Amino acid sequence: MTVDEFVKARVLPEFHPIVAMLRELMREMAPNATEAISYGIPAYRGKLILVVISPTKKDITFAFSRGAEFQDKYGLLRGNGKVSKHVKIKNLQDVDKDALRYYIKQALELDAK
């Protein structure tokens, strides 16, 4: 299954613009990352998985594999895990693209080490 097929089949229509924006942001910030379906959801891989896009009935979860190691000056990261952290996105109006770029940049820096 491709990511496009996944979006059509598994993401609620009202969340399609959010997923499109996240994919665009990943192409901008991580042009060398590979976009693929991993563990049943869209993922972006450098050396390891950087981030996944996980749809729910209420929102889109943008989860960073090593988010627990990030600096979080925006205070948007959520999650109780010792490794992964995520941002929940319900609508495009609430998206802070600068914050997402800041997190993606950290994911790339950690992956490069």
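Colleague: Which element gives the most to the lining of the largest cavity?
Modeller: Helix α3 gives the most, with 3 residues. Please note that this is a predicted model.

Colleague: Which residues line the largest cavity?
Modeller: The lining consists of Ile-49, Leu-50, Ser-65, Arg-66, Ala-107, Leu-110 and Asp-111. The elements that give two or more residues to this lining are β3 and α3.

Colleague: And how does the lining divide by class?
Modeller: There are 4 nonpolar, 1 polar and 2 charged residues in the lining of the largest cavity.

Colleague: How much space lies in the largest cavity?
Modeller: About 40 Å³. The structure holds 1 cavity of 30 Å³ or more.

Colleague: Changing topic, how many salt bridges does the structure hold?
Modeller: The structure holds 9 salt bridges.

Colleague: With which residue does Arg-101 form a salt bridge?
Modeller: Arg-101 pairs with Glu-28, and the closest N and O atoms are 2.7 Å apart. This pair links distant parts of the chain, since Arg-101 belongs to helix α3 (residues 97-112) and Glu-28 to helix α2 (residues 16-29), 73 residues apart.

Colleague: How do Arg-101 and Glu-28 count, buried or exposed?
Modeller: Neither term applies: Arg-101 counts as partly exposed because its relative accessibility is 25%. Glu-28 also counts as partly exposed, at 43% relative accessibility.

Colleague: What about Lys-88, which side chain does it meet in a salt bridge?
Modeller: The side chain of Lys-88 meets that of Asp-59, at 3.9 Å from N to O. Lys-88 is in strand β5 (residues 85-89), while Asp-59 is in the loop between β3 (49-55) and β4 (60-64), so the salt bridge ties together parts that are 29 residues apart in sequence.

Colleague: Is Asp-59 buried or exposed?
Modeller: Asp-59 counts as buried, because its relative accessibility is 4% and the cut-off for buried is under 20%. Its partner Lys-88, at 43% relative accessibility, counts as partly exposed.

Colleague: Back to helix α3: what separates Glu-109 and Lys-105?
Modeller: About one helical turn, because Glu-109 and Lys-105 are 4 residues apart in helix α3. Their side chains meet in a salt bridge of 3.0 Å, N to O.

Colleague: And what are the accessibilities of Glu-109 and Lys-105?
Modeller: Glu-109 has 41% relative accessibility and counts as partly exposed. Lys-105 is partly exposed as well, with a relative accessible area of 47%.

Colleague: Last one: which residues are linked in a network of salt bridges?
Modeller: Asp-4, Arg-23 and Glu-35 are linked in such a network.

Technical notes: Residues numbered from 1 in each chain as written. Predicted model: local features only at pLDDT ≥ 70, side-chain atom pairs only at ≥ 80, totals over all residues. Heavy atoms only, no water. Salt bridge = Lys/Arg side-chain N within 4 Å of Asp/Glu carboxyl O. Buried < 20%, exposed > 50% of the residue type's maximum accessible area, 1.4 Å probe, protein only. 1 Å grid on protein atoms, 1.4 Å probe; cavity = no way out; pocket = protein on both sides within 12 Å on 5 of 7 lines; lining within 4 Å. Points joined across faces, edges and corners; volume = space filled by probe spheres on them. Nonpolar A, V, L, I, M, F, W, Y, C, P; charged D, E, K, R; others polar.
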